[in-house]
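Student: I am new to this structure and would like a close look at its packing. Start with the rings, go on to the interior, and tell me where to read with care.

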Amino acid sequence: MFYIPFFVLLIILIAIIMFKAVKIVPESQVYIVEKLGKYYQSLSSGLSFINPFFDRVARIVSLKEQVVDFDPQAVITKDNATMQIDTVVYFQITDPKLYTYGVERPLSAIENLTATTLRNIIGDMTVDETLTSRDIINTKMRQELDDATDPWGIKVNRVELKSILPPNDIRIAMEKEMKAEREKRAKILEAQATRESAILVAILRAEAEKEVKIKEAEGKAQAILEIQKAEAEAIKVLNEAKPSKEILALKSFETFEKVADGKSTKILIPSEIQNLAGFIQAIKEIK
């Protein structure tokens, strides 16, 4: 018959006791320890020792932020439309003791609390308000859930409405409305583009006409300037040639002919031909 030495049994017994007495708690976790069925202590991360005969780890609690995606809930709006809303809750355990002993099945409690809170909020809103007020709904739900779960050692960090599904007839009406709105915006944009194009064409045409008139005016001014320069040059040449009285009389007569072309009502006779005899003599010389 095979016998195990006593010291070997003793070493095995001590090893089992030490194994049960030593607890290595991972980071972001807390061990809830009970002594004889009553809460005794909470073990944080690191190496800890417990009494293997009277103490036991009742629960392991994670301190990490947790995300729970609940099934879509049927809620009724203020105008009696049934909406299917899918909710996501982000929460974190702040007090492991309250979380362990404060409520039975905490996740189920949070889910039911989320459903009732959502029904209360959506019940005071219409379909349009529900579809356009996600941020308001998220904020209200987070505040109410955070206040309600505080005695359970839970902090609700954020609540998000993952999806909002209105009834089928409302969805069809909304799609038609959105299509009509898009067509309306397209027509408005097209009309604005046509109007802006017409305005631009009119501006360019006016600028072109203005440019033509400016060029014509500049051409006339240049022509007048050239004529004046030619006349000045002619006078200069005439003065340099020292013309006789007969030549001056001839030039005066030419001026008289231009003035008396039928377009003037008054005639100014040069002083050189005011004398009748000199005037007749000038005519003879011209012939």
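Tutor: The charged end of Arg 158 is placed over the ring of Tyr 90, at 4.3 Å from the ring centre. This is a predicted model, and every distance below is computed from it. A second such arrangement involves Lys 35, which lies over the face of Tyr 40, 4.4 Å from the centre of that ring.

Rings can also meet each other. There is one aromatic pair in the structure. Its members are Tyr 39 and Tyr 101, with 6.0 Å between the centres and 75° between the planes. Since planes over 60 degrees apart count as edge-to-face, the pair is edge-to-face. It joins distant parts of the chain: Tyr 39 belongs to strand β3 (residues 38-43) and Tyr 101 to helix α2 (residues 96-101), with the two positions 62 residues apart. Neither ring residue is buried: Tyr 39 is partly exposed at a relative accessible area of 27%, and Tyr 101 is partly exposed at 38%.

Now the interior. The largest nonpolar core has 31 residues, and the ones that touch the most other members are Ile 85, Leu 118, Ile 137 and Met 141. At least two residues come from each of β2 (29-35), β8 (82-93), α3 (106-122), α5 (134-149) and β9 (154-165). Helix α3 gives the largest share, six residues. Apart from this core there is a second, separate one of five residues, including Val 25, Val 33, Leu 43 and Ile 50.

Helix α3 deserves a look by itself. With 17 residues, α3 spans 24 Å from first C-alpha to last, close to the 24 Å expected at 1.5 Å a residue. Its buried residues include Pro 106, Ala 109, Ile 110, Leu 113, Thr 114, Thr 117, Leu 118, Ile 121 and Ile 122. As background, an α-helix has 3.6 residues a turn, so residues three or four places apart point the same way.

Which residues does Ile 85 contact beyond its neighbours within four places in sequence? Asp 71, Pro 72, Gln 73, Val 75, Leu 118, Ile 122, Thr 130, Leu 161, Ser 163 and Ile 164. Two names on that list, Leu 118 and Ile 122, were given above as buried residues of α3.

Another of those contacts, Thr 130, sits in helix α4 (residues 127-132). Its relative accessible area is 0%, so Thr 130 is buried. Outside its sequence neighbours within four places, Thr 130 contacts Thr 77, Met 83, Ile 85, Ile 122, Met 125, Ile 137 and Ile 164.

Met 83 leads back to strand β8. Met 83 also has a relative accessible area of 0% and is buried. Among its contacts more than four places away in sequence are Gln 73, Ala 74, Val 75, Thr 77, Val 127, Thr 130, Leu 131, Pro 166 and Pro 167. Ile 164 is a further contact of Met 83; although 81 residues separate the two in sequence, their C-alpha atoms are 6.8 Å apart.

Buried or exposed, what is Val 67? Val 67, in strand β6 (residues 66-69), is exposed, because its relative accessibility is 52%. Leaving out neighbours within four places, Val 67 touches Val 88, Val 89 and Tyr 90. Between Val 67 and Val 89, 22 residues apart along the chain, the C-alpha distance is 5.8 Å. Tyr 90, touched by Val 67, is the residue whose ring has the charged end of Arg 158 over it.

Two loop residues stand out by their backbone. Most residues other than glycine have a negative phi. Ser 28, in the loop between β1 (22-25) and β2, has a positive phi near 65°. Asn 80 also has a positive phi near 65°, in the loop between β7 (73-76) and β8. Ser 28 is partly exposed at 27% relative accessible area, whereas Asn 80 is exposed at 67%.

Last, where to read with care. The mean pLDDT of the chain is 81, and 80% of the residues score at least 70. Among the elements, β2 has the highest mean, 94, and helix α8 (residues 276-286) the lowest, 47. Where pLDDT is low, the predicted coordinates should not be read in detail.

Technical notes:
Residues numbered from 1 in each chain as written. Predicted model: local features only at pLDDT ≥ 70, side-chain atom pairs only at ≥ 80, totals over all residues. Heavy atoms only, no water. Phe/Tyr/Trp six-rings, centres within 6.5 Å; stacked < 30°, edge-to-face > 60°. Helix = DSSP H or I, 4+ residues; strand = E, 2+ residues; numbered from the N terminus. Buried < 20%, exposed > 50% of the residue type's maximum accessible area, 1.4 Å probe, protein only. Lys NZ or Arg CZ within 6 Å of the ring centre and 35° of its normal. Core = buried A, V, L, I, M, F, W, Y, C linked by side-chain atoms within 4.5 Å. Contact = heavy atoms within 4.5 Å. Expected span 1.5 Å × (residues − 1). pLDDT = per-residue confidence, 0-100.
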